[in-house]
Amino acid sequence: MKKIFAFLFAAAFSVAGMAQSKVYFTKEISPEALVRIYKALGREAKGRVAVKISTGEGGNNNYLKPTLIRNLVEEVHGTIVECNTAYGGSRATTEKHWQTIHEHGFDSIFPVDLMDEFGEMRIPVRDHKHLKYDIVGDHLSRYTFLINLAHFKGHPMGGFGGVLKNQSIGVASSHGKAYIHSAGYTTDVVEAWNHIENQDGFLESMAAAAQGVADYFGDNILYISVLNNMSVDCDCVDKPEPAKLKDMGIMASLDPVALDWACVEKVFNYQGKPGDDNKPLVERINKQHGIHTIDHAEKIGMGSKKYVIIDIDK
């Protein structure tokens, strides 16, 4: 009897271990496709819905355009949410950031909330390897549901930017960004840049902070990545390198680890050709050890790299 029980337990554990997260995909990049892939996830965004995007640095034209995301934001009656940066530039102060938001056309279409405009708050993190807590804009408490709507592309420091970055650095206040970038050394936005030598610590801190936000919302969260304008540089760079890789589509999941990994694998496995070259982005990700963010997020229990692609075009 004990042998039978042991066999059944092992079989159940094996099946659970093989469970794959669903990652939905469409080649079409359009307002209508964004709504379709959101609905394919089967999780209704309701209540007070925050849609976290990057509003883009002044001079950078790669951010997700208001015209692209409009149908989705209106479908969920959402509010665009952002936080100030920690590195200078056109979004480092509230005044400058609102000007950039206006120049990029967001506030003329949507309600927009600069979440750390008036203050910040701490939320718990499970992984205390580097961070004691996560520091986010205090307006995060206004919302009961989060749509993490990321633009997948490269990043000068993180290697790539996807949903994990959008939920960690993106949701953090300017002091929170300094705290993550310095792997927990300081919250000072000037001092932090003198303590960025711990690259893996930074990547692990992003994973920890992203998990803190995921825990804050529980099941009231979903993840979408748009693979277009994939420069090696982030939307936070005012003069990004031209994108060498053509647009690929939209991916979405309820598992952020699976989604970021699926996006990375799509880029890595792509057979490039002249005028459509994945090598610069692959090199950027590898140079910054970017995959470590995904690996650490999986290690601390945020999701799984095992996934299955569901093509909603078929």
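Buried means under 20% relative accessible area. The exercises below apply that cut-off to a predicted model.

**Exercise 1. Overall shape**

Decide whether the radius of gyration of the protein chain agrees or disagrees with that of a compact globule.

*Solution.*
Step 1: Take the expected value. For 314 residues, a compact globule would have a radius of gyration near 20 Å.
Step 2: Compare. The protein chain has 19 Å, which agrees.
Step 3: Add the dimensions. Along the principal axes, the C-alpha atoms fill a box of roughly 70 × 45 × 40 Å.
Step 4: Add the burial. Of the 314 residues, 55% count as buried.
Step 5: Look at the contacts. Among those with a separation of 6 or more, 76% join residues 24 or more positions apart.
Step 6: List the elements. The chain has ten helices and twelve strands.

**Exercise 2. Surface and charge**

State how much of the accessible surface belongs to carbon and sulfur atoms, and how far apart the mean positions of the positive and negative charges are.

*Solution.*
Step 1: The accessible surface comes to about 13,700 Å². Carbon and sulfur atoms hold 53% of that area.
Step 2: The chain has 34 positive and 39 negative charges. Their mean positions lie 6 Å apart.

**Exercise 3. Helix H2**

Find which residues of helix H2 are buried and what they pack against.

*Solution.*
Step 1: Locate the helix. H2 covers residues 31–40.
Step 2: Apply the cut-off. Ala-33, Leu-34, Val-35, Ile-37 and Tyr-38 are buried.
Step 3: Recall helix geometry. An α-helix has 3.6 residues a turn, so residues three or four places apart point the same way.
Step 4: Find the partners. The buried residues of H2 pack against strands S1 (21–26), S7 (145–151), S10 (221–227) and S11, and against helix H3 (66–75).
Step 5: Check what comes after. Gly-42 follows H2 and has a positive phi, near 75 degrees.

**Exercise 4. Two residues at 1%**

Say whether Ser-253 is buried or exposed, do likewise for Leu-164, and name their contacts beyond four places in sequence.

*Solution.*
Step 1: Place Ser-253. It sits in strand S11 (residues 249–253).
Step 2: Its relative accessible area is 1%, so Ser-253 is buried.
Step 3: Ser-253 touches Lys-22, Val-23, Leu-41, Leu-222, Tyr-223 and Leu-259. Its side chain reaches the backbone oxygen of Lys-22 at 2.8 Å.
Step 4: Place Leu-164. It lies in helix H5 (residues 163–168).
Step 5: Leu-164 has 1% relative accessibility, so it counts as buried.
Step 6: The contacts of Leu-164 include Met-206, Ala-210, Pro-256 and Asp-260. Thr-293, Ile-294, Ala-297 and Met-302 are also among them.
Step 7: Take one pair. Leu-164 and Met-206 are 42 residues apart in sequence, and their C-alpha atoms are 7.1 Å apart.

**Exercise 5. Loops and positive phi**

Assign Asn-228, Asn-229 and His-289 to a burial class, and give phi for Asn-229 and His-289.

*Solution.*
Step 1: Recall the background. Most residues other than glycine have a negative phi.
Step 2: Asn-228 lies in the loop between S10 and S11. At 9% relative accessible area, Asn-228 is buried. It touches Ile-29, Leu-64, Leu-68, His-151, Phe-152 and Asp-247, leaving out residues up to four places away.
Step 3: Asn-229 is found in the loop between S10 and S11. Its relative accessibility is 25%, so Asn-229 counts as partly exposed. Its phi is positive, near 45 degrees.
Step 4: His-289 is in the loop between helix H9 (279–287) and helix H10 (291–299). At 39% relative accessibility, His-289 counts as partly exposed. Its phi is positive, about 60 degrees.

Note on methods: Residues numbered from 1 in each chain as written. Predicted model: local features only at pLDDT ≥ 70, side-chain atom pairs only at ≥ 80, totals over all residues. Heavy atoms only, no water. Helix = DSSP H or I, 4+ residues; strand = E, 2+ residues; numbered from the N terminus. Rg over C-alpha atoms; globule rule 2.2 N^0.38 Å. Buried < 20%, exposed > 50% of the residue type's maximum accessible area, 1.4 Å probe, protein only. Contact = heavy atoms within 4.5 Å. Areas by Shrake-Rupley, 256 points an atom, 1.4 Å probe, with all protein chains shown as cover. Lys, Arg positive; Asp, Glu negative; His and termini not counted. Charge placed at Lys NZ, Arg CZ, Asp CG, Glu CD. Polar contact = N/O pair within 3.5 Å; in protein donor to acceptor, adjacent residues only side chain to side chain.
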